[in-house]
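Here are some exercises to work through with the structure open in your viewer. Try each task before reading its solution.

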Amino acid sequence: MHRAFDSEDIIYSVLKYLEPKDSKNVAMTCSRLAGSVLDILWSEQSSLIPLIMCLPQDTWEIKDDTINLTREPTPSERERFRTNASRLSVSGLVLRRLFEQFPPATLFRNLCVFDSYALRESSSDLSLVRKFLSPGLESLMLDVSAPFPTHEVEQFLAALPIEAQGLRQLSISMDDGATAFAVPPSFGKLSKLITLSIHRADVCLTRHVITNIQQAQCLKTLMLSLCGTSYGGGVMALELSSLENLVLSGDVLPQCTHFIRQITTRQLSVVNIEYFQPASPMDITVFMESLSTSCQNHASLKHIYVADTTNPEDTDLVISLSSEVFRPLLKFTGLLSVAFGGIGNYNLDNRFINDISDAWPGIQELKFASCRPASCAVTFTAMVSLASRCRSLQSLYLTCDATQSTIIPQAEDGTERLWPSQTALRELHLGHSQVSEVARMPYILAKVFPALSFLDWHHFFGSFNIENSSEKALEEVRYQLQVLQNLADPDDHDNVDDSDVEWEDSSSSEDSEDSGYLDDDDWM
């Protein structure tokens with residue numbers, strides 16, 4: 001055998017690309033590679049059935065969909081079982097009697113990720129879950145059912161820093177989110193914890209939650225699903241010094257705002273907010289101001305995502321959002337992406353749009369997405385100026401007024417001189433933009449943004465039954481743009497099929513965008 005196969009790294013780099021059936025053949029034909037192949041085959045399992053089948057058939061039986069041990073395995077049979085078990089990184093269907101003979105902590109010596117759901121009907125049996133705790137466990141996902149006494153839950157959580165001190169990721173849900181959860185002080189003792197996710201954290205205990213996770217010095221990602229209505233809290237905000245990613249969801253936006261007002265951060269990079277009932281203009285204004293105060297390092301924040309996932313059929317509801325609502329965010333000079341989905345009726349103006357290019361020079365994604373229309377004072381001229389000045393901007397979602405002649409920059413001799421070509425922009429969504437031929441939109445888009453490959457808009461205005469009055473004009477813009485990009489035949493206007501050109505298909509995103517907010521893959 002070639003001496004290259006003396007290196008385990010080389011062997012693994014080759015074998016990891018094999019299909020399972022091919023890996024099985026290698027294990028059966030080459031003793032030198034068998035161990036490495038078996039490590040890969042056994043590394044992840046969703047069920048313990050294959051492991052149990054390693055025991056002789058006379059040691060177990062299936063009765064009433066349950067696997068029962070019928071006799072004690074011999075020492076050699078135990079060793080074979082342990083050898084294969086040590087290769088597992090995730091367990092599945094668990095039998096209590098099996099673990100009485102084979103304790104999980106010693107049986108699965110390489111276990112680093114454990115989801116209590118793998119225990120199926122025993123997923124909330126804390127005494128059984130506790131058997132899987134070990135110093136090598138790095139990720140634990142736990143769903144605790146409500147019938148368990150509070151003191152048992154507290155005892156289990158208090159044991160984590162002692163029995164699973166290597167935990168780096170922890171996700172907890174009480175009764176599948178039906179019960180609020182209070183963070184215990186022991187979480188602060190998980191010195192290696194970098195990601196904490198809690199489903200249904202009581203907003204009434206916000207101060208308590210922050211105090212008990214403050215001591216987790218390595219915590220970088222905090223994900224909370226909030227519940228409750230009382231927003232009382234301390235006067236002084238508490239610092240989460242290492243936090244980089246904050247993901248909050250709540251029934252209403254003020255729940256998220258309340259939490260943000262209780263903390264300060266210096267390394268925060270990502271803010272992701274989702275709420276499920278419409279927020280008032282005042283609620284949104286307070287949120288923006290609170291975020292600008294909480295994040296004290298204005299250069300650290302890179303991504304802001306805020307989405308209202310309300311059923312958008314009530315399009316008569318008007319949530320008027322002027323440029324002043326968003327101005328507090330202009331202080332964050334390092335932003336790379338800003339995306340708002342369905343939060344209201346945007347009434348932006350040219351001055352705000354012009355200020356964006358100065359405040360966020362490195363912006364790559366900018367989206368004011370909503371099915372809710374509004375009178376827009378942003379001109380097509382201002383939009384083009386913004387996109388051309390932000391040299392890294394790749395995706396833009398903005399409603400503009402393109403019913404007037406576009407004001408093109410002029411050279412010193414008075415001749416027109418287009419904005420400098422910007423080759424980063426790939427996607428442009430015009431929302432509820434109104435368009436006229438006098439704006440010369442196809443010509444300007446083709447010249448200034450030569451890499452543009454996606455152009456779309458809202459096909460309905462306000463109500464789902466009212467077609468956008470600029471629909472035909474926008475379709476003509478897209479066709480003329482394709483002609484200028486040599487993607488369509490100028491002499492075959494009526495027979496143009498968008499599927500025949502090399503544009504991205506915009507129809508797939510039409511449903512999600514017209515429904516008032518974009519799917520995560522579309523706008524997040």
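## Getting oriented

The chain has 19 helices and 21 strands. Please keep in mind that this is a predicted model. Of the chain's 524 residues, 50% count as buried. Among contacts with a separation of 6 or more, 74% are between residues 24 or more positions apart.

## Exercise 1: the surroundings of H15

Task: find how many of the ten residues of helix H15 are buried, and which elements cover them.

Solution, step by step:

1. Select H15, residues 380-389, and apply the cut-off for buried, under 20% relative accessible area. Nine of the ten residues pass, and H15 is mostly covered.
2. List them: Phe380, Thr381, Ala382, Met383, Val384, Ser385, Leu386, Ala387 and Ser388 are the buried residues of H15.
3. Look at what lies over them. The cover includes two helices, H14 (350-359) and H16. Strands S16 (365-369), S17 (395-397), S18 (401-402) and S19 (427-429) are also part of the cover.

## Exercise 2: two helix contacts

Task: classify how H15 is oriented to H16, do likewise for H14 and H15, and sort the residues of each contact by class.

Solution, step by step:

1. Start with H16, residues 441-448: its axis and that of H15 come within 12 Å and cross at roughly 10°. Angles under 35 degrees count as roughly parallel, and H15 and H16 are therefore roughly parallel to each other.
2. Now collect the contact residues. H15 contributes Phe380, Val384 and Ser388, while H16 brings Met441, Ile444, Leu445 and Val448. By class, this contact has six nonpolar residues, one polar and no charged ones.
3. Turn to H14. The axes of H14 and H15 come within 9 Å, with a crossing angle of roughly 5°, which makes H14 roughly parallel to H15.
4. Collect the residues again: Asn350, Ile353, Asn354, Ile356, Ser357 and Asp358 of H14 meet Ala382, Leu386 and Arg389 of H15. The classes here are four nonpolar, three polar and two charged.

## Exercise 3: following a strand pairing

Task: trace the pairing from S3 through S4 to S5, and find the bridge partners of serine 139.

Solution, step by step:

1. Strand S3 (residues 113-115) pairs with strand S4 (residues 139-144) in the parallel sense, over three bridges.
2. On this side, serine 139 of S4 stands opposite valine 113.
3. Next, S4 and strand S5 (residues 169-174) run parallel, joined by six bridges.
4. In S5, serine 139 has glutamine 169 as its bridge partner.

## Exercise 4: a serine and the cysteines

Task: decide whether serine 249 is buried or exposed, list what it touches, and then examine cysteines 256 and 400.

Solution, step by step:

1. Locate serine 249 in strand S9, residues 245-250. Its relative accessible area is 15%, so serine 249 is buried.
2. Leaving out residues up to four places away in sequence, serine 249 touches Leu224, Ser225, Leu226, Cys256, Glu274 and Phe276.
3. Follow that list to cysteine 256, which counts as buried because its relative accessibility is 0%. Cysteine 400, at 2%, counts as buried too.
4. Finally, check for sulfur pairs. A disulfide is a covalent bond between the sulfur atoms of two cysteines. The structure holds zero disulfides.

Conventions. Residues numbered from 1 in each chain as written. Predicted model: local features only at pLDDT ≥ 70, side-chain atom pairs only at ≥ 80, totals over all residues. Heavy atoms only, no water. Disulfide = S-S within 2.5 Å. Buried < 20%, exposed > 50% of the residue type's maximum accessible area, 1.4 Å probe, protein only. Axes fitted to C-alpha atoms, helices over the stretch in contact; angles between N-to-C directions. Helix = DSSP H or I, 4+ residues; strand = E, 2+ residues; numbered from the N terminus. Parallel < 35°, antiparallel > 145°, perpendicular 65-115°, else oblique. Contact = heavy atoms within 4.5 Å. Nonpolar A, V, L, I, M, F, W, Y, C, P; charged D, E, K, R; others polar. Pairing = 2+ DSSP bridges.
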